[in-house]
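Grab a pencil and work through a few exercises on the structure shown here. Try each task yourself before you read its solution.

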Amino acid sequence: MKQGYRRGIVHTNIQLATDVYEMKLMPHGDNNRDTSLRIEDRLGFQGNPGQFYMLRGWQLDPLLARPISICNISNGMVTFLYEVVGKGTRMMSELKAGDTLELLGPLGTGFDLELGGRLALISGGAGMAPLIYLKNRLENDMDFYCGFQSEPYYIDEIEKGVDNIYITTEDGSAGHRGFVTELFTPERYDTVITCGPTPMMKEIVKICGKHDIPVYMSMESHMACGIGTCLGCTVETTSGILRVCREGPVQLGKEVVFDD
Ligand SMILES: Cc1cc2nc3c(=O)[nH]c(=O)nc-3n(C[C@H](O)[C@H](O)[C@H](O)COP(=O)(O)OP(=O)(O)OC[C@H]3O[C@@H](n4cnc5c(N)ncnc54)[C@H](O)[C@@H]3O)c2cc1C
Ligand code: FES
């Protein structure tokens, strides 16, 4: 096992929709009682909304662990929500209850938990994961806008504790047909928080810029080390180059320099 990594055991790994899964992991040890295990493998999972873990549920191939946001933590058990897009996430989806993973984290910056006023949370696809953990930890008035390509999922989890939920699907199979940005009314909010495909977040930053509403976004980037040493995850911001794994993934939208 690589240095710094700990073990987790799959509690459940459930398919929610086509290529979308929810995985819950327990610590490797049982409530600190099994003293034959390393202390870090026995502790409950920790982390704040917006933070992520590097996960690997395989030996050598793929070479690198994969970053996945914390979707919830409860009683030391961590929940991840992930979409299968390639080899690593496909292998995650094949894990069964009782299988072991290696994890590094929690990593990165979290969201500001002191935000006042009315919030809009806006997700695209599995980008809902960090926003679900965030709304579970906040008591603000808030609305959740969630965009899907097709069949919606995890709605029961999204709607807990929010005032309104707005659903869009690109194929019109549920909710409003089109993009989540078409339903969103920025003037109603003091702060907007978003996670999803970069074109969606770019559009939200643009819309909110016209109304001078701050947007916090959780950025995506390819990652190798996850701890700030390889410089594989950098993005350009108005104040220079930023490592998504260390200074991000949460960043003020107006400071991000988007590619055209
Ligand atoms: C901080 C952070 C948190 C994340 N949280 C989640 C989460 O909660 N749930 C979730 O489903 N996914 C999340 N991701 C994305 C996830 O890490 C990637 O989808 C995953 O690493 C893909 O691995 P793979 O081996 O399945 O696919 P690969 O074989 O590595 O790639 C398959 C395809 O996906 C693209 N891709 C891979 N990684 C990324 C990336 N980071 N950004 C954009 N495109 C990518 C590749 O270019 C390729 O086209 C997060 C990414 C970051 C940086
Ligand atoms: S992934 Fe290595 S510096 Fe960010």
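The exercises below deal with a predicted model, and each one comes with a worked solution.

**Exercise 1. Find out which residues come nearest to ligand 1, and what the shell around it is made of.**

Step 1: Start with the neighbours. There are 22 residues around ligand 1, and those that come nearest are Ser 69, Tyr 82, Gly 86, Gly 88 and Thr 89.

Step 2: Now ask which elements they come from. At least two residues of the shell are supplied by each of β4 (66–69), β6 (77–83) and α2 (87–93). Strand β4 gives the most, with four residues.

Step 3: Sort the shell by class. You should get 12 nonpolar, six polar and four charged residues.

**Exercise 2. Work out the strand order of the open sheet of seven strands, and say why one side of β4 and of β5 has no neighbour in the sheet.**

Step 1: Trace the strands across the sheet. The order reads β4-β3-β7-β1-β2-β6-β5, and the pairing is antiparallel.

Step 2: Look at the two ends. β4 and β5 (72–74) stand at the edges and have a single partner strand each, so one side of each is left without a neighbour in the sheet.

Step 3: Check how the strands sit against each other. Ignoring direction, neighbouring strands of this sheet are turned by 35° on average.

Step 4: Add the helix. α3 (residues 128–137) packs on the sheet and touches β4, β5 and β6, and its direction makes about 45° with that of β5.

Step 5: Zoom in on one pair. Strands β1 (residues 6–17) and β7 (residues 100–107) run antiparallel and are joined by four bridges. For Gly 8, the bridge partner in β7 is Leu 101.

**Exercise 3. Track down the unusual backbone spots: where are the cis peptide bonds before Pro 106 and Pro 249, and is phi positive or negative at Asp 19 and Tyr 154?**

Step 1: Recall the background. Most residues other than glycine have a negative phi, and most peptide bonds are trans.

Step 2: Take the prolines. Gly 105 and Pro 106 are joined by a cis bond with omega about 0°, and Pro 106 sits in strand β7. The bond from Gly 248 to Pro 249 is cis too, with omega near 10°; Pro 249 lies in the loop between β15 (240–243) and β16 (250–252).

Step 3: Turn to phi. Asp 19, in the loop between β1 and β2 (20–27), has a positive phi near 65°. For Tyr 154, phi is also positive, at about 65°, and this residue is in the loop between β9 (142–148) and α4 (155–159).

Step 4: Compare their surroundings. Asp 19 has 15 other C-beta atoms within 10 Å, so it's partly exposed. Tyr 154 has 20, which makes it buried.

Note on methods:
Residues are numbered from 1 along each chain as its sequence is written. Chains are lettered from A and ligands numbered from 1 in the order in which they are written. This is a predicted model: local features need pLDDT of at least 70, side-chain atom pairs count only at pLDDT 80 or more; totals for chains, interfaces and linings use all residues. A residue is near a molecule or strand if its C-beta atom, placed from the backbone, lies within 6 Å of it. Ala, Val, Leu, Ile, Met, Phe, Trp, Tyr, Cys and Pro count as nonpolar, Asp, Glu, Lys and Arg as charged, and the others, Gly among them, as polar. Two strands pair if DSSP finds at least two bridges between them. Axes are lines fitted to C-alpha atoms, for helices over the stretch in contact, and angles run from 0 to 180 degrees between N-to-C directions. Two residues are in contact if their C-beta atoms, placed from the backbone, lie within 7 Å. A residue is buried if 20 or more other C-beta atoms lie within 10 Å of its own, exposed if 12 or fewer, and partly exposed in between; C-beta atoms are placed from the backbone.
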